[in-house]
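Visitor: I am new to this structure and would like a close look at a single part of it. Please take me through the nonpolar core and what lies around it.

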Amino acid sequence: MGKIGQDLELQAMWTEACTGLRDRIGRNNFVTWIEPLQLRGVTDGVLRFSVPTRFLGDWVVRHFAEAIVQECVRAGAQVTRLDVALARPRTDADGAPMARATPAPRAGTGDGPGAQVDIGPDTPPEAEADLPSGPLDPRFTFDNFVVGKPNELAHAAARRVAEGGAITFNPLFLYGGVGLGKTHLMHAIAWELRRQQPGLRVLYVSAEQFMYRFVDALRNKQIMDFKQLFRSVDVLMVDDVQFIAGKESTQEEFFHTFNALVDQRKQIVISADRAPGEIKDLEDRITSRLQWGLVVDLHPTDYELRLGILQTKLEAFRAQDPNVVVAPDVLEFLAHKITTNVRVLEGALTRLHAFASLVGREITLELAQDCLADILRVSERRVTIEEIQRKVAEHYNIRLSDMIGPKRVRTLARPRQVAMYLSKELTAKSLPDIGRRFGGRDHTTIIHGVRKVEELVAADPQLAEDLRLLRRLLSS
Ligand SMILES: Nc1ncnc2c1ncn2[C@@H]1O[C@H](COP(=O)(O)OP(=O)(O)OP(=O)(O)O)[C@@H](O)[C@H]1O
């Protein structure tokens, strides 16, 4: 048979094998991994493919070699293994075989039939040379992280991951309200891993960056580079994962990235503002994967932790400028008053420090109250609906998801109404806003809930006591 006849026969065989492969490994895998392969020929029982990237070649050999060989045999080819080489410009215009890459072929790690990857000169791909990680804040280290009861478990888990030893949980999922130290802990892990193992490929991105890079890659037809980058890291850290909720393609890509890394036993660290099960519009399969490892909650700060953070910060300021003197009762006062989040607490101290440097005298309680009047005013009424829901759920021993969910049984409905009532009383949110935070309920449901509690409380001393206790907890 002439060359053209052989080429046609080869093409027909490959088309048939592809049909089998699509059924066997699923459309997504097929489009991602098999479509970019170019069958160059068959020599001595070896299927020879060219691949656009080294990563794709490695991946195909590791995951699909057996399937490819079997489907080709089924389609009539007499082959026992495959060989992939990086695509190179052809050596002449009429399609002579492409030049083989220079170094000796490396044995593939593939399962099943023998496979070889010939991946060209031994230059690291871009992903290995320079990982485009999101910027890490130099202040966000373990040394600067103050540990207290509300965050001790999250801190211990982060430390464990930062040791970089055998993976004990994957992923580590850190969640908590605004400004409670999630990003700080993520950066601390990345710093520590980089310090201890400089060769480790640690990639930290916010979920937003993940999405924009994905969209960019799609637009610029560089999706394989994108996959290569995210699947070739040793540790992947994604901050604020709730951002991808409702964004279908990004979720899909995140899902595959996640699976690929877990398959390779690479560590993943995720943060979010709430527990996996409470992130609305996140696909179930992602929610369940996020729960595979260790899910840890950063609780709202308590007085002792806030005081500890203030003392640590003040020490840092004083190391730079020993003339700054802040009376001890000022820190206690701030730790009592500013309960919203650590970011606000830090902001208050920074302002005091700037003020003290300017006026050149000790910061007394009076001066602090003056200087921080606006922050203190806001703090006094800054309780969030999420905090209220969490505290009320804890108090009545129900799950937070049930507080927001649709079930109407009395044991859930009453705590829900209490939380609605407190949300109305302690926050400045409108009724429709509150409704949205309670699983998208209508504002009339909130009015009903508030009235119900008002009605009951007059006759039910236990409920009155519950409300008193909850108010105290929420304002401390
Ligand atoms: N335990 C802590 N010790 C020292 N600093 C802390 C601690 N917790 C939080 N901070 C500081 O509070 C600020 C806010 O923390 P961070 O940015 O980590 O919050 P976050 O939980 O990621 O919030 P967001 O949801 O807004 O992203 C940072 O400056 C961080 O250093």
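Guide: A nonpolar core is a set of buried Ala, Val, Leu, Ile, Met, Phe, Trp, Tyr and Cys residues joined through C-beta atoms within 7 Å. The model shown here is predicted. Its largest nonpolar core has 66 residues, and Ile 189, Leu 236 and Met 237 have the most contacts inside this core. Helix H6, residues 182-196, supplies the largest share, seven residues. The core also draws on two domains, with at least three residues from each of domain 2 (149-298) and domain 3 (303-359). In soluble globular proteins, nonpolar side chains tend to be buried together.

Take Leu 236 as one of the residues to look at. Beyond its neighbours within four places in sequence, Leu 236 is in contact with Leu 203, Phe 230, Leu 261, Lys 266 and Ile 268. Another core, of 25 residues, lies apart from the largest one, and Leu 21, Val 60, Phe 64 and Ala 65 are among its members.

Next come the strands. Strand S8 covers residues 235-239 and runs parallel to strand S7, to which five bridges join it. One of the pairings is between Val 205 and Val 238, the latter in S8. Strand S7 (residues 202-206) is largely enclosed by the rest of the structure, because four of its five residues are buried.

Strand S6, residues 172-176, has five of its five residues buried, so the rest of the structure largely encloses this strand too. Its two faces are both covered: Leu 172, Leu 174 and Gly 176 are buried on one side, Phe 173 and Tyr 175 on the other. S6 has parallel partners. With strand S9 (residues 267-272) it shares four bridges, and Leu 172 has Val 269 in S9 as its bridge partner. With strand S10 (residues 294-298) the pairing is again parallel, over five bridges, and there Tyr 175 is partnered by Asp 297.

Helix H6 appears again at the ligand. The ligand is surrounded by 18 residues, of which Gly 181, Lys 182, Thr 183, His 184 and Val 342 are the closest. The elements giving two or more residues to this shell are H6 and helix H13 (342-359). Sorted by class, the shell has seven nonpolar, seven polar and four charged residues. Domain 2 (149-298) and domain 3 (303-359) both give residues to the shell, so the ligand lies between them. These two domains also each give at least three residues to the largest core.

Technical notes: Residues are numbered from 1 along each chain as its sequence is written. This is a predicted model: local features need pLDDT of at least 70, side-chain atom pairs count only at pLDDT 80 or more; totals for chains, interfaces and linings use all residues. A residue is buried if 20 or more other C-beta atoms lie within 10 Å of its own, exposed if 12 or fewer, and partly exposed in between; C-beta atoms are placed from the backbone. Domain bounds come from an automatic or database domain assignment. Two residues are in contact if their C-beta atoms, placed from the backbone, lie within 7 Å. Two strands pair if DSSP finds at least two bridges between them. A residue is near a molecule or strand if its C-beta atom, placed from the backbone, lies within 6 Å of it. Ala, Val, Leu, Ile, Met, Phe, Trp, Tyr, Cys and Pro count as nonpolar, Asp, Glu, Lys and Arg as charged, and the others, Gly among them, as polar.
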